[in-house]
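Please look over the sequence and the structure shown below before reading on. The explanation proceeds from the overall fold to particular residues.

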Amino acid sequence: DKAYDADWLRSMVMEQGAWANIPPRSNRKDPICFSPFLYKDRNAVERFFNKLKYFRRIATRYDKLGSTFLAMVKLAAAAIRLRLRAYESTA
């Protein structure tokens, strides 16, 4: 993720009213505010969407009705929560 540490990217994110929590590159001259705690949460969200992609039915949206699509998303999210719970309990 350090490859995305660019001033133009940070300014674009700021213009949209958000804050870029990107780890700074080692050769950056001016210090940038970075929160490893927020970055850890961001990583958990990215892992969630990565696991959600395994449910190809959601990624390609085979369901025509919005209600059946939402039901499949909820089932996939519940399955992922069960899998992540096993990872959280290990030290």
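The following paragraphs describe the fold, the interior and one region of the surface.

The model is a predicted one. Its secondary structure consists of 4 helices and 0 strands, and the pattern along the sequence reads α-α-α-α. The protein has 91 residues, of which 21% are buried. When contacts between residues at least 6 apart in sequence are considered, 20% of them join residues at least 24 apart.

The interior may be taken next. In soluble globular proteins, nonpolar side chains tend to be buried together. The largest nonpolar core here contains 5 residues, namely Ala-6, Leu-9, Val-13, Ala-20 and Ile-22. One of these core residues, Ala-20, is in contact with Arg-10 and Val-13, once its neighbours within four places in sequence are left aside.

The surface completes the description. The accessible surface of the protein amounts to about 7500 Å², and carbon and sulfur atoms account for 60% of that area. A nonpolar patch on the surface is formed by Met-14, Trp-19 and Leu-38, which together have about 330 Å² of accessible area. Within this patch, Trp-19 lies in the loop between helix 1 (7-15) and helix 2 (36-52). Is Trp-19 buried, exposed or partly exposed? Trp-19 counts as partly exposed because its relative accessibility is 40%, and the partly exposed class falls between buried, under 20%, and exposed, over 50%.

How values were computed: Residues numbered from 1 in each chain as written. Predicted model: local features only at pLDDT ≥ 70, side-chain atom pairs only at ≥ 80, totals over all residues. Heavy atoms only, no water. Patch = residues over 30% accessible without salt bridge, like charges linked within 9 Å, V, L, I, M, F, W, Y side chains within 5 Å. Areas by Shrake-Rupley, 256 points an atom, 1.4 Å probe, with all protein chains shown as cover. Salt bridge = Lys/Arg side-chain N within 4 Å of Asp/Glu carboxyl O. Helix = DSSP H or I, 4+ residues; strand = E, 2+ residues; numbered from the N terminus. Buried < 20%, exposed > 50% of the residue type's maximum accessible area, 1.4 Å probe, protein only. Contact = heavy atoms within 4.5 Å. Core = buried A, V, L, I, M, F, W, Y, C linked by side-chain atoms within 4.5 Å.
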